[in-house]
Amino acid sequence: MNITEYDHTPVLLNEVLQHLKVRPDGFYVDCTFGRGGHGKAILQQLAEQGRLLAIDKDPAAIAAASKELRDDPRITLVHGPYTIMSQQIETQGKMGQVDGIIFDLGVSSPQLDNPARGFSFQNDGVLDMRMDTTKGITAAKWLSCAREKEITEVLQSYGEERYARRIARAVIKARSENPLKTTQQLAGLVSETVPTREKHKHPATRTFQAIRIFINRELDELRVALAQTIDVLGVGGRLLVISFHSLEDRLVKRFMRNESRGDSYPLEIPVTHDLIRPRLKIIGKAVYPSGREISENPRARSAVMRIAERVTG
Ligand SMILES: C[S@@+](CC[C@H](N)C(=O)[O-])C[C@H]1O[C@@H](n2cnc3c(N)ncnc32)[C@H](O)[C@@H]1O
(Lines give C-alpha, C1' and ligand atoms only; values in the text may rest on other atoms or scores of the structure.)
Protein backbone atom coordinates (compact mmCIF):
# COMPACT_ATOMS: atom_id res chain seq x y z
CA MET A 1 0.00 0.00 0.00
CA ASN A 2 1.33 3.45 -0.89
CA ILE A 3 2.21 5.61 2.14
CA THR A 4 0.55 8.68 0.64
CA GLU A 5 -2.82 6.94 0.34
CA TYR A 6 -3.74 7.74 3.93
CA ASP A 7 -4.34 11.29 5.09
CA HIS A 8 -4.38 12.83 8.53
CA THR A 9 -6.39 15.91 9.49
CA PRO A 10 -4.49 17.86 12.16
CA VAL A 11 -6.42 18.42 15.37
CA LEU A 12 -6.79 21.91 16.93
CA LEU A 13 -4.58 23.39 14.21
CA ASN A 14 -5.69 27.02 14.63
CA GLU A 15 -5.41 26.77 18.40
CA VAL A 16 -1.90 25.28 18.11
CA LEU A 17 -0.72 28.17 15.93
CA GLN A 18 -2.42 30.74 18.12
CA HIS A 19 -0.65 29.46 21.25
CA LEU A 20 2.69 28.61 19.69
CA LYS A 21 3.07 32.21 18.43
CA VAL A 22 5.65 31.12 15.85
CA ARG A 23 8.57 33.54 15.50
CA PRO A 24 9.86 33.52 11.91
CA ASP A 25 13.46 32.99 13.03
CA GLY A 26 12.56 30.67 15.92
CA PHE A 27 13.50 27.05 16.64
CA TYR A 28 10.61 24.60 17.03
CA VAL A 29 10.24 20.91 17.74
CA ASP A 30 7.40 18.73 16.49
CA CYS A 31 7.78 15.55 18.53
CA THR A 32 5.02 13.67 16.69
CA PHE A 33 5.36 14.80 13.09
CA GLY A 34 2.98 12.19 11.60
CA ARG A 35 1.85 13.49 8.23
CA GLY A 36 3.00 16.97 9.21
CA GLY A 37 -0.33 18.71 9.72
CA HIS A 38 1.08 20.83 12.53
CA GLY A 39 4.72 20.74 11.46
CA LYS A 40 4.09 22.02 7.96
CA ALA A 41 1.90 24.84 9.30
CA ILE A 42 4.80 25.84 11.58
CA LEU A 43 7.20 25.68 8.61
CA GLN A 44 4.93 28.00 6.64
CA GLN A 45 5.39 30.63 9.32
CA LEU A 46 9.17 30.26 9.50
CA ALA A 47 11.53 32.51 7.58
CA GLU A 48 14.81 31.32 6.08
CA GLN A 49 16.58 31.36 9.48
CA GLY A 50 13.80 29.50 11.30
CA ARG A 51 14.25 25.82 12.15
CA LEU A 52 12.00 22.83 12.79
CA LEU A 53 13.15 19.57 14.30
CA ALA A 54 10.59 16.92 13.30
CA ILE A 55 10.59 13.57 15.10
CA ASP A 56 8.47 10.46 14.60
CA LYS A 57 9.08 6.86 15.58
CA ASP A 58 7.07 5.59 12.62
CA PRO A 59 9.41 5.04 9.66
CA ALA A 60 6.46 5.50 7.26
CA ALA A 61 5.85 9.01 8.63
CA ILE A 62 9.50 9.98 8.19
CA ALA A 63 9.63 8.42 4.72
CA ALA A 64 6.57 10.43 3.60
CA ALA A 65 8.01 13.62 5.13
CA SER A 66 11.40 13.16 3.58
CA LYS A 67 9.87 12.60 0.13
CA GLU A 68 8.01 15.89 0.43
CA LEU A 69 10.39 18.07 2.44
CA ARG A 70 13.92 16.81 1.89
CA ASP A 71 14.89 19.95 -0.06
CA ASP A 72 13.79 22.30 2.71
CA PRO A 73 16.93 23.29 4.68
CA ARG A 74 14.86 24.56 7.61
CA ILE A 75 13.67 21.11 8.67
CA THR A 76 15.58 18.23 10.27
CA LEU A 77 13.71 14.92 10.11
CA VAL A 78 14.55 12.30 12.68
CA HIS A 79 13.26 8.77 12.94
CA GLY A 80 13.04 7.63 16.54
CA PRO A 81 11.18 8.04 19.81
CA TYR A 82 10.68 11.61 20.96
CA THR A 83 12.86 10.84 23.95
CA ILE A 84 15.81 11.54 21.63
CA MET A 85 14.74 15.18 21.59
CA SER A 86 17.27 16.52 24.08
CA GLN A 87 20.16 14.63 22.46
CA GLN A 88 19.17 16.02 19.06
CA ILE A 89 18.91 19.54 20.39
CA GLU A 90 22.21 19.24 22.17
CA THR A 91 23.80 18.18 18.86
CA GLN A 92 22.32 21.23 17.17
CA GLY A 93 23.69 23.46 19.95
CA LYS A 94 20.21 24.71 20.85
CA MET A 95 19.82 23.51 24.43
CA GLY A 96 17.74 26.03 26.40
CA GLN A 97 16.92 27.98 23.24
CA VAL A 98 13.87 26.22 21.81
CA ASP A 99 10.87 28.49 21.20
CA GLY A 100 8.16 25.87 21.08
CA ILE A 101 7.50 22.15 21.33
CA ILE A 102 4.41 20.30 20.25
CA PHE A 103 3.29 16.78 21.11
CA ASP A 104 0.19 15.53 19.29
CA LEU A 105 -0.04 12.16 20.98
CA GLY A 106 -1.50 8.87 19.96
CA VAL A 107 -1.91 7.34 16.54
CA SER A 108 -2.30 9.03 13.19
CA SER A 109 -5.05 8.29 10.69
CA PRO A 110 -2.57 6.60 8.32
CA GLN A 111 -1.67 4.23 11.16
CA LEU A 112 -5.30 3.59 12.13
CA ASP A 113 -6.64 3.23 8.61
CA ASN A 114 -3.98 0.90 7.26
CA PRO A 115 -5.13 -2.62 8.24
CA ALA A 116 -1.53 -3.85 7.96
CA ARG A 117 -0.59 -1.79 11.04
CA GLY A 118 -3.07 -3.65 13.25
CA PHE A 119 -4.19 -0.66 15.35
CA SER A 120 -7.89 -0.79 14.61
CA PHE A 121 -10.62 -3.32 15.25
CA GLN A 122 -12.65 -1.69 12.45
CA ASN A 123 -10.38 -3.26 9.82
CA ASP A 124 -9.04 -6.77 9.73
CA GLY A 125 -5.27 -6.95 9.69
CA VAL A 126 -2.29 -8.51 11.40
CA LEU A 127 -2.14 -7.70 15.08
CA ASP A 128 1.02 -5.58 14.98
CA MET A 129 0.34 -2.20 16.72
CA ARG A 130 3.98 -1.08 16.73
CA MET A 131 4.45 2.56 15.83
CA ASP A 132 8.07 1.81 15.09
CA THR A 133 7.89 -1.18 12.78
CA THR A 134 11.68 -1.56 12.81
CA LYS A 135 11.87 -2.81 16.41
CA GLY A 136 10.07 -4.25 19.41
CA ILE A 137 7.54 -7.04 19.52
CA THR A 138 4.15 -7.09 17.85
CA ALA A 139 0.91 -7.33 19.81
CA ALA A 140 0.35 -10.81 18.35
CA LYS A 141 3.74 -12.00 19.57
CA TRP A 142 3.18 -10.55 23.02
CA LEU A 143 -0.30 -12.08 23.31
CA SER A 144 1.14 -15.44 22.28
CA CYS A 145 3.48 -15.62 25.26
CA ALA A 146 2.40 -13.20 28.02
CA ARG A 147 1.17 -14.66 31.29
CA GLU A 148 -2.45 -14.21 32.33
CA LYS A 149 -1.42 -11.92 35.20
CA GLU A 150 0.62 -9.69 32.90
CA ILE A 151 -2.22 -9.36 30.38
CA THR A 152 -4.63 -8.55 33.19
CA GLU A 153 -2.32 -5.84 34.54
CA VAL A 154 -1.82 -4.25 31.13
CA LEU A 155 -5.58 -4.14 30.47
CA GLN A 156 -6.22 -2.70 33.92
CA SER A 157 -3.42 -0.14 33.94
CA TYR A 158 -3.57 1.12 30.38
CA GLY A 159 -7.21 0.45 29.45
CA GLU A 160 -8.89 0.86 32.85
CA GLU A 161 -10.72 -2.29 31.72
CA ARG A 162 -13.14 -3.63 34.31
CA TYR A 163 -13.19 -7.09 32.75
CA ALA A 164 -9.39 -7.34 32.41
CA ARG A 165 -9.07 -10.70 34.18
CA ARG A 166 -11.90 -12.24 32.17
CA ILE A 167 -10.38 -11.07 28.87
CA ALA A 168 -6.90 -12.28 29.86
CA ARG A 169 -8.30 -15.70 30.71
CA ALA A 170 -10.11 -15.84 27.37
CA VAL A 171 -6.87 -14.95 25.53
CA ILE A 172 -4.97 -17.77 27.25
CA LYS A 173 -7.72 -20.26 26.44
CA ALA A 174 -8.11 -19.11 22.81
CA ARG A 175 -4.38 -19.19 22.08
CA SER A 176 -4.06 -22.76 23.31
CA GLU A 177 -6.36 -23.72 20.43
CA ASN A 178 -5.40 -21.17 17.80
CA PRO A 179 -2.84 -18.30 17.90
CA LEU A 180 -4.37 -14.82 17.96
CA LYS A 181 -2.97 -13.27 14.81
CA THR A 182 -5.48 -10.71 13.58
CA THR A 183 -7.32 -7.66 14.87
CA GLN A 184 -10.69 -9.27 14.11
CA GLN A 185 -9.79 -12.38 16.11
CA LEU A 186 -8.95 -10.24 19.15
CA ALA A 187 -11.95 -7.91 18.72
CA GLY A 188 -14.27 -10.91 18.30
CA LEU A 189 -12.84 -12.64 21.34
CA VAL A 190 -13.33 -9.56 23.53
CA SER A 191 -16.90 -9.04 22.25
CA GLU A 192 -17.77 -12.65 23.09
CA THR A 193 -16.17 -12.38 26.51
CA VAL A 194 -17.52 -9.14 27.97
CA PRO A 195 -20.93 -7.47 27.88
CA THR A 196 -21.43 -4.37 25.71
CA ARG A 197 -21.65 -1.69 28.36
CA GLU A 198 -20.69 1.66 26.86
CA LYS A 199 -22.98 3.10 24.21
CA HIS A 200 -21.23 3.93 20.93
CA LYS A 201 -18.09 2.16 22.16
CA HIS A 202 -16.94 -1.21 20.82
CA PRO A 203 -16.32 -3.61 23.73
CA ALA A 204 -12.71 -4.05 22.52
CA THR A 205 -11.88 -0.30 22.58
CA ARG A 206 -10.19 -0.43 25.97
CA THR A 207 -8.33 -3.65 25.17
CA PHE A 208 -6.89 -2.21 21.97
CA GLN A 209 -5.91 1.03 23.70
CA ALA A 210 -4.20 -0.82 26.53
CA ILE A 211 -2.19 -3.16 24.31
CA ARG A 212 -1.14 -0.29 22.05
CA ILE A 213 0.07 1.81 25.00
CA PHE A 214 1.98 -1.17 26.39
CA ILE A 215 3.57 -2.29 23.10
CA ASN A 216 4.77 1.26 22.34
CA ARG A 217 5.71 2.16 25.95
CA GLU A 218 3.67 5.30 25.38
CA LEU A 219 3.34 6.59 28.94
CA ASP A 220 6.97 5.83 29.87
CA GLU A 221 8.27 7.69 26.85
CA LEU A 222 5.93 10.61 27.44
CA ARG A 223 7.12 10.92 31.04
CA VAL A 224 10.78 11.02 29.95
CA ALA A 225 10.19 13.46 27.10
CA LEU A 226 8.13 15.87 29.19
CA ALA A 227 10.95 16.04 31.72
CA GLN A 228 13.39 16.88 28.91
CA THR A 229 11.32 19.87 27.76
CA ILE A 230 12.41 21.88 30.81
CA ASP A 231 16.08 21.99 29.76
CA VAL A 232 15.32 22.23 26.08
CA LEU A 233 12.98 25.24 26.13
CA GLY A 234 14.25 28.79 26.32
CA VAL A 235 12.59 31.28 28.66
CA GLY A 236 9.27 32.24 27.06
CA GLY A 237 9.30 29.03 24.98
CA ARG A 238 6.02 27.14 24.89
CA LEU A 239 5.06 23.52 25.42
CA LEU A 240 1.83 22.32 23.80
CA VAL A 241 0.52 18.82 24.39
CA ILE A 242 -2.56 17.31 22.74
CA SER A 243 -3.76 14.14 24.47
CA PHE A 244 -6.47 11.70 23.46
CA HIS A 245 -7.19 9.76 26.62
CA SER A 246 -7.31 10.40 30.32
CA LEU A 247 -4.09 8.50 31.18
CA GLU A 248 -2.01 10.75 28.93
CA ASP A 249 -3.86 13.88 29.93
CA ARG A 250 -3.49 13.13 33.63
CA LEU A 251 0.27 12.75 33.19
CA VAL A 252 0.56 16.02 31.26
CA LYS A 253 -1.64 17.90 33.69
CA ARG A 254 0.36 16.71 36.70
CA PHE A 255 3.67 17.48 35.04
CA MET A 256 2.62 21.04 34.18
CA ARG A 257 1.08 21.59 37.61
CA ASN A 258 4.15 20.31 39.47
CA GLU A 259 6.56 22.33 37.34
CA SER A 260 4.46 25.45 37.76
CA ARG A 261 4.53 25.01 41.54
CA GLY A 262 8.29 24.59 41.65
CA ASP A 263 10.48 22.59 44.03
CA SER A 264 8.81 21.28 47.14
CA TYR A 265 10.35 21.50 50.60
CA PRO A 266 9.25 19.83 53.84
CA LEU A 267 6.59 21.95 55.51
CA GLU A 268 8.78 22.70 58.55
CA ILE A 269 11.45 24.41 56.42
CA PRO A 270 10.69 28.09 55.80
CA VAL A 271 11.42 28.95 52.14
CA THR A 272 11.36 32.15 50.18
CA HIS A 273 9.79 32.37 46.71
CA ASP A 274 13.16 32.39 44.88
CA LEU A 275 13.97 28.97 46.34
CA ILE A 276 10.78 27.38 45.04
CA ARG A 277 11.73 28.21 41.43
CA PRO A 278 8.75 27.22 39.29
CA ARG A 279 10.04 26.37 35.82
CA LEU A 280 6.76 26.48 33.91
CA LYS A 281 3.76 28.76 33.89
CA ILE A 282 0.44 27.24 32.84
CA ILE A 283 -1.17 29.20 30.01
CA GLY A 284 -4.96 29.35 30.17
CA LYS A 285 -7.28 26.42 30.60
CA ALA A 286 -7.32 23.13 28.73
CA VAL A 287 -8.37 23.67 25.10
CA TYR A 288 -10.98 21.41 23.48
CA PRO A 289 -12.02 21.16 19.82
CA SER A 290 -15.14 23.08 18.83
CA GLY A 291 -18.36 21.29 17.91
CA ARG A 292 -17.68 22.27 14.34
CA GLU A 293 -14.22 20.69 14.32
CA ILE A 294 -15.63 17.49 15.82
CA SER A 295 -18.37 17.30 13.22
CA GLU A 296 -15.81 17.78 10.45
CA ASN A 297 -13.24 15.45 12.02
CA PRO A 298 -14.82 13.00 14.50
CA ARG A 299 -11.35 11.75 15.49
CA ALA A 300 -10.82 15.10 17.23
CA ARG A 301 -13.61 14.40 19.71
CA SER A 302 -11.46 13.18 22.59
CA ALA A 303 -8.63 15.70 22.10
CA VAL A 304 -7.53 18.06 24.85
CA MET A 305 -4.62 20.46 24.60
CA ARG A 306 -2.64 21.85 27.53
CA ILE A 307 -0.17 24.69 27.24
CA ALA A 308 2.68 25.86 29.44
CA GLU A 309 5.48 28.40 29.09
CA ARG A 310 9.06 28.14 30.34
CA VAL A 311 9.86 30.74 32.95
CA THR A 312 13.18 31.54 34.63
CA GLY A 313 13.98 29.09 37.35
C1 LIG B 1 -1.62 11.94 16.18
S2 LIG B 1 -0.24 11.58 15.18
C3 LIG B 1 0.44 13.13 14.82
C4 LIG B 1 -0.17 13.79 13.65
C5 LIG B 1 0.49 15.06 13.19
N6 LIG B 1 0.46 16.10 14.20
C7 LIG B 1 -0.17 15.55 11.93
O8 LIG B 1 -0.89 16.55 11.99
O9 LIG B 1 0.01 14.91 10.89
C10 LIG B 1 0.92 10.95 16.30
C11 LIG B 1 2.25 10.60 15.68
O12 LIG B 1 3.18 10.50 16.74
C13 LIG B 1 4.02 9.40 16.55
N14 LIG B 1 4.45 8.97 17.88
C15 LIG B 1 3.68 8.48 18.87
N16 LIG B 1 4.44 8.22 19.95
C17 LIG B 1 5.70 8.58 19.64
C18 LIG B 1 6.94 8.55 20.35
N19 LIG B 1 7.02 8.08 21.59
N20 LIG B 1 8.02 9.02 19.73
C21 LIG B 1 7.97 9.51 18.45
N22 LIG B 1 6.82 9.53 17.73
C23 LIG B 1 5.70 9.08 18.32
C24 LIG B 1 3.16 8.38 15.84
O25 LIG B 1 3.97 7.50 15.10
C26 LIG B 1 2.29 9.27 14.95
O27 LIG B 1 2.84 9.43 13.68
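Select Gly-106 to begin: this residue sits in the loop that joins β4 (98–104) to α5 (109–113). The model on display is a predicted one. Gly-106 counts as buried because 25 other C-beta atoms lie within 10 Å, the threshold for burial being 20 or more. Next, add Gln-209 to the selection. Although the two positions lie 103 residues apart along the chain, the C-alpha atoms of Gly-106 and Gln-209 are 9.7 Å apart.

Move back along the chain to Ile-101, which belongs to strand β4. Ile-101 is likewise classed as buried, since it has 28 C-beta neighbours inside 10 Å. Display the residues in contact with Ile-101, setting aside those within four places in sequence: Val-29, Cys-31, Thr-229, Val-232, Leu-233 and Leu-239. Then select Arg-238, which is 137 residues from Ile-101 along the chain, with a C-alpha separation of 6.3 Å.

Two of the contacts of Ile-101, Thr-229 and Val-232, also appear among the buried residues of α11, the next stop. Select residues 218–232 to show this helix of 15 residues; from the first C-alpha to the last it reaches 21 Å, close to the 21 Å expected at 1.5 Å a residue. Within α11, colour the buried residues Glu-218, Leu-222, Ala-225, Leu-226, Thr-229 and Val-232. These residues lie on the same side of α11, because they cover an arc of only 120° around the axis. To see what this buried set packs against, display α4 (85–91), β4, α10 (205–215), β5 (233–243) and α12 (246–261).

Remain on helix α11 and select Glu-221. Is Glu-221 buried or partly exposed? Glu-221 is partly exposed, because 16 other C-beta atoms lie within 10 Å, whereas burial requires 20 or more. Beyond the residues up to four places away in sequence, Glu-221 touches Pro-81, Tyr-82 and Thr-83. Of these, Pro-81 is 140 residues from Glu-221 in sequence and 7.6 Å from it in space, C-alpha to C-alpha.

Two residues with positive phi come next. Select Arg-217, in the loop between α10 and α11. Its phi is about 50°, a positive value although Arg-217 is not a glycine. Arg-217 counts as partly exposed because it has 15 C-beta neighbours inside 10 Å. Then go to Met-129, in the loop between α5 and α6 (139–145). Met-129, also a residue other than glycine, has a positive phi near 70°. With 26 C-beta neighbours inside 10 Å, Met-129 is classed as buried.

Now widen the view to the domains. Colour domain 1 (3–110 + 218–310) and domain 2 (133–215) separately. The centres of the two domains, taken over C-alpha atoms, are 30 Å apart. Where domain 1 meets domain 2, 5 residues of domain 1 are in contact with 5 residues of domain 2. On the domain 1 side, the touching residues are 3 nonpolar, 1 polar and 1 charged by class.

Finish at the ligand. Which of the 20 residues around the ligand come nearest? Select Pro-10, Thr-32, Gly-34, Gly-37 and Asp-58 to see them. The elements contributing two or more residues to this shell are α2 (37–45) and β2 (51–56). Colouring the shell by class shows 6 nonpolar, 8 polar and 6 charged residues.

Definitions and conventions: Residues numbered from 1 in each chain as written. Predicted model: local features only at pLDDT ≥ 70, side-chain atom pairs only at ≥ 80, totals over all residues. Near = placed C-beta within 6 Å. Helix = DSSP H or I, 4+ residues; strand = E, 2+ residues; numbered from the N terminus. Nonpolar A, V, L, I, M, F, W, Y, C, P; charged D, E, K, R; others polar. Domains from an automatic or database assignment. Contact = placed C-beta atoms within 7 Å. Buried ≥ 20, exposed ≤ 12 C-beta atoms within 10 Å, placed from the backbone. Expected span 1.5 Å × (residues − 1). Arc of directions from axis to C-beta.
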